[in-house]
Amino acid sequence: MFAVFITAKSQSKLVFKDKFMYSNTQIFHDKNRYSISSLIDTGSSLCIIDSIFAIDSCGIKKSELETVYVNQNRTKISTTIIDSLAFCGKTYTKIHCLVADFSGIYQKYAPKFIIGAGILKQGAWKFDMEKSIIEPYDYNKKAKGIVYKWKNHMSYSDVAIDYIVLDGKVGGKNTRFIFDTGCKNNKLQLDIYDGPVELIQKESADIGNKLSVKTEKLCRDVKFKVGKNEFVLDFIIGNKKLGYLNIEFLQGHSFILNYRKQILEVL
């Protein structure tokens, strides 16, 4: 468990790059202090720090790293604990982080730090897309926008811890979507889409596979539902039994992620 301390400034600027959301943070470790732009990733249970940044800048020692296995492929990855993280007016201490070779895996897309659900699930957050600001939100406030109640691993044992799972439909077929702001492409699971597809070449990478150009199946202008509302997006056909929606799903709308009540409220 980590402690949380309140500081004066409660807002942080949002920066959008390559379909990802970044926000200013400060990392403190072993008397070192760094202000960096961190990727906000609702699809990551833990925070993740780049290995080069962790060792060369933050003073984390290789000998202190522990090794764990992640994902179904049992990919090896190191872990560490950083002293504290300042984000949106709060300072979180003793942050358990995964340590990954972002520079080697994601190359030009590599972040130095990822803010995962370990931080986000402490409360609720308002993403103001008009002002490009993220700030803490009172999770007890009555919802006034369009509300989507989400589920997580407590309802679906086959999904990762802290995933935001939205029930939906594609072509009348029931499905599940993961709302993942760390996912560059929207993805459909196998065998759920019956429409036309085209083969494209695109860059692809994940925690266990370095950035490379792969042939993927693209579905354009796919109609789908989340709750009672219909949307249209382009999707890549994935290789899992879950669909993924990135920030494009909200099409520039401001929204509130209320982890305490497991509600996505679109304003």
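## Tyr156, the cores and the cysteines

The side chain of Tyr156 forms a polar contact with the side chain of Asp167, at 2.9 Å. The model is predicted.

Tyr156 sits in a loop. That loop runs between strand S12 (146-149) and strand S13 (165-170). Beyond residues up to four places away in sequence, Tyr156 touches Lys151, Val165, Asp167 and Arg176. Lys184 lies 28 residues from Tyr156 along the chain, and their C-alpha atoms are separated by 24 Å.

Next, the nonpolar cores. The largest has 54 residues. Phe87, Phe113, Phe127, Phe224, Phe249, Phe255 and Leu264 touch the most other members. Take Phe224: neighbours within four places in sequence aside, its contacts include Lys169, Val170, Phe177, Leu245 and Phe249. Asn229, Glu230, Phe231, Val232, Leu233 and Phe235 are also in contact with Phe224. Another core, of 13 residues, lies apart from the largest one. Among its residues are Tyr22, Phe102, Tyr106 and Tyr109.

How many disulfides does a search of the whole structure find? Zero. Cys47 is in no disulfide. Two cysteines are set out here with the closest cysteine sulfur to each.

| Cysteine | Closest cysteine sulfur | Sulfur distance | Relative accessibility |
|---|---|---|---|
| Cys47 | Cys97 | 5.0 Å | 2% |
| Cys58 | Cys97 | 9.2 Å | 1% |

Why is Cys58 not bonded to Cys97? Their sulfurs are 9.2 Å apart, which is too far for a bond; a disulfide needs the sulfur atoms within 2.5 Å. Cys47 counts as buried because its relative accessibility is 2%, under the 20% cut-off. Cys58 also counts as buried, at 1%.

Technical notes
Residues numbered from 1 in each chain as written. Predicted model: local features only at pLDDT ≥ 70, side-chain atom pairs only at ≥ 80, totals over all residues. Heavy atoms only, no water. Helix = DSSP H or I, 4+ residues; strand = E, 2+ residues; numbered from the N terminus. Contact = heavy atoms within 4.5 Å. Polar contact = N/O pair within 3.5 Å; in protein donor to acceptor, adjacent residues only side chain to side chain. Core = buried A, V, L, I, M, F, W, Y, C linked by side-chain atoms within 4.5 Å. Buried < 20%, exposed > 50% of the residue type's maximum accessible area, 1.4 Å probe, protein only.
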